[in-house]
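Please load the model in your viewer and keep a selection panel open beside it. The stops below can be followed in order.

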Amino acid sequence: CALSSLHDGGLVHGNLKPTNIQVDRRGRVVVLDAALLDNPISRLGEAQTSSEGITSAQQRSLPYQAPEVRQGHAASTATDWYAMGVIILEVLSGHSLPRRRHCSTDTSSTAAIQEQQQDWMERVAALEQEAGHDPTLLGLCRALLQAEPGSRPAGAAILRRLGTASRSSGHRHFPDLGRLGMGGMGEVRRVRDPALNRTMAMKVMREGLQKDPIMQARFEAEAELTAQLQHPGTVPVHELGTTPDGRRYFTMQEVRGRTMHGAIREVHQATREGRWQSGATGWTLHRLVGVLRRVCDAVAYAHARSVTHRDLKPDNVMLGDFGEVQVLDWGLAIVHGQDVEATLPVEPIQVSQPIATQIAGATRTGVVTGTPAYMAPEQARAEKKLFGPHSDVYALGTMLYEILLGRPAYVGPTPE
C-alpha cells in the first residue's frame, strides 16, 4: 500500500529491499531509504565494471534490480514491483536469497541477467511443486518477476491479489467431522470452527485440481459469488482459504435436513391410486409447491444481480429441519459479461462421475455445463450467447414437472 501511494504521487523508490522495510512492534510498516526518491535513477554506477567489482552495498541490492535497471535504464514503478516480486519470493522460500551467485564483474551482461531470471523462475516453479504455499501469492510472484516491464501487473491489480492472499494464506485448522457430499469440483465436509465453537460446512477442491487454473478460477468464483448473494435462499459463506496442501476451500453455514429430491420421492411413494397423500415426515404436494416458490424467490434475486445459476435441480435445493429453503452449488453460475471461462484457455469436454443413481442426474462440466435432465435447449447445445435468466426459468419448469410426476422430464441411459 505504501509503495502504491508513492507511485500515485509520481515517485519511484528505486532501491526496494527487505532492509529498507521496517516493521515496528505494533505491526506498522515503514518504507525507508527515501534518499533515492528525488533521483529515481537506480543504476549500479561505475564500480560495477571496475576491476574491483561492485561494492558490498551494491551487491546487497543487486538481487532486487530489475533486468532493465541492470542494463542502465531508469527506474520506474515496474522496477519497484519487480523488487517486490523478489521480496515475495524470499517470504515464500522462508530464507534470504543468495547475494553472490549473480554478482559477476559485469552485472549488466545479458548472460548475468538471464542467469538471474532463470534462477528466480526455477525457485518459483519449485515452490509450486511443494504443498502449503498460497497459489495467489505464487502467481503474483511469477507475474512480478517477468523480464519485460510491460508484462508486470499494475499497482491496483497487485493490491487486489495481495488482499486475496492475505485473507486466505493463514492455514486455519478445522477439526473434520466427516463427509457431507461430493461434487464434480470438490467435496463438502462437516467441520468445527474452534474459534467460535460452531459446526460448519467446508467445501474443498478435489485432490489434484489445485494445479488446474480453470478449476481454481471456477471454485474461487463460486465462493465469491455465493458470498455476495446475500439472500435467505442462499447459504452464507464465512471465509475463503487454502489448505496446507494447496487446495482452495470455503466455509459456510451447514444446513441440516434433506434435499428437495428426497422430499419429492417421499410424497410420490405415499401417493396411492392417483390420490395425493402426506409422506412419512409430513411432506405434501402443497408444501413442495411452496418450496419451489421460495426457490424462485432466491433465483429472482440472483437474476436481479445479473447472475444465472445454470444447474438448478432438486438435488441442489436443501430443505432444513426448521423450514429453511436454500439453493446450493453456484459453481457453474455466470455473471453476465463476466464469465470466468471467457478469460481462460478452453478446456476439453468432460463428464463428471454420476452423483445420482441415473446418469441423467450427473453434472457435466466443460463446454456443455449443467445437468442434462434439467437443461434448457440452448444450454444443452452449448450456445453460450443464448444463456440467460430464461435458462434458469426452464430448469424451474423441469423441477415443477418432477414435483407433479415424480420423475425428471428427461431420463436416458447417457447424458446425450
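This is a predicted model, and two cavities of 30 Å³ or more are found in it. Begin with the second largest cavity, which holds about 50 Å³ of space. To display its walls, select R310, D311, L312, G370, T371, Y374, M375, Q379, S391, D392 and A395, the residues that line the second largest cavity. Colouring this selection by residue class gives four nonpolar, four polar and three charged residues. If you then show the cartoon of helix α12, residues 389-405, you will have the element that supplies the largest share of this lining, namely three residues.

Before the next stop, show the whole protein chain, whose secondary structure comes to 12 helices and 14 strands. Of its 416 residues, 46% are buried. When contacts with a separation of 6 or more are counted in the protein chain, 60% of them join residues 24 or more positions apart.

Now select helix α8, residues 213-228, and place a distance marker between the first and last C-alpha of this helix: its 16 residues reach 22 Å, close to the 22 Å expected at 1.5 Å a residue. Which residues of α8 are buried? They are I214, M215, Q216, A217, R218, F219, E220, E222, A223, L225 and T226.

Keep E222 displayed and add D329, because E222 is among the residues in contact with D329 once neighbours within four places in sequence are left aside, and D329 counts as partly exposed at 29% relative accessibility. The other contacts of D329 counted in this way are K203, H309, D311 and N316, and D311 will already be familiar from the lining of the second largest cavity. D329 sits in the loop between β11 and β12 (334-335), and its phi is near 55°, a positive value in a residue other than glycine. A C-alpha to C-alpha marker from D329 to D315 should read 9.6 Å, for a pair 14 residues apart in sequence.

From D329, step back along the chain to strand β11, residues 325-327, and select Q326 within this strand. Is Q326 buried or exposed? With a relative accessible area of 5%, Q326 is buried, because this value falls under the 20% cut-off. Expanding the selection to its contacts, with neighbours within four places in sequence left aside, brings in P232, G233, T234, V235, P236, Q253, V255, N316, V317 and M318. Within this group, look at T234, whose backbone oxygen is reached by the side chain of Q326 at 3.4 Å. N316 also deserves a label, since this residue is in contact with Q326 and with D329.

For the last stop, select N197, which is placed in the loop between β4 (186-193) and β5 (198-205). N197 has a positive phi of about 55° although it is not a glycine. What is the relative accessibility of N197? The value is 58%, and N197 therefore counts as exposed.

Note on methods
Residues are numbered from 1 along each chain as its sequence is written. This is a predicted model: local features need pLDDT of at least 70, side-chain atom pairs count only at pLDDT 80 or more; totals for chains, interfaces and linings use all residues. Side-chain values use heavy atoms; hydrogens and water are left out. Helices (H or I, at least four residues) and strands (E, at least two) are DSSP runs, numbered from the N terminus. Buried means under 20% relative accessible area, exposed over 50%, partly exposed in between (1.4 Å probe, protein chains only). A polar contact is a pair of N or O atoms within 3.5 Å; within protein, one must be able to donate a hydrogen and the other to accept it, and residues adjacent in sequence count only if both atoms are side-chain atoms. Contact means heavy atoms within 4.5 Å. On a 1 Å grid over the protein atoms alone, a cavity is a set of points where a 1.4 Å probe fits but cannot get out, and a pocket is an open set with protein on both sides within 12 Å along at least five of seven lines; lining residues have an atom within 4 Å of a point. Grid points are joined across faces, edges and corners, and a volume is the space filled by probe spheres set on the points. Ala, Val, Leu, Ile, Met, Phe, Trp, Tyr, Cys and Pro count as nonpolar, Asp, Glu, Lys and Arg as charged, and the others, Gly among them, as polar. The expected span of a helix is 1.5 Å times one less than its number of residues.
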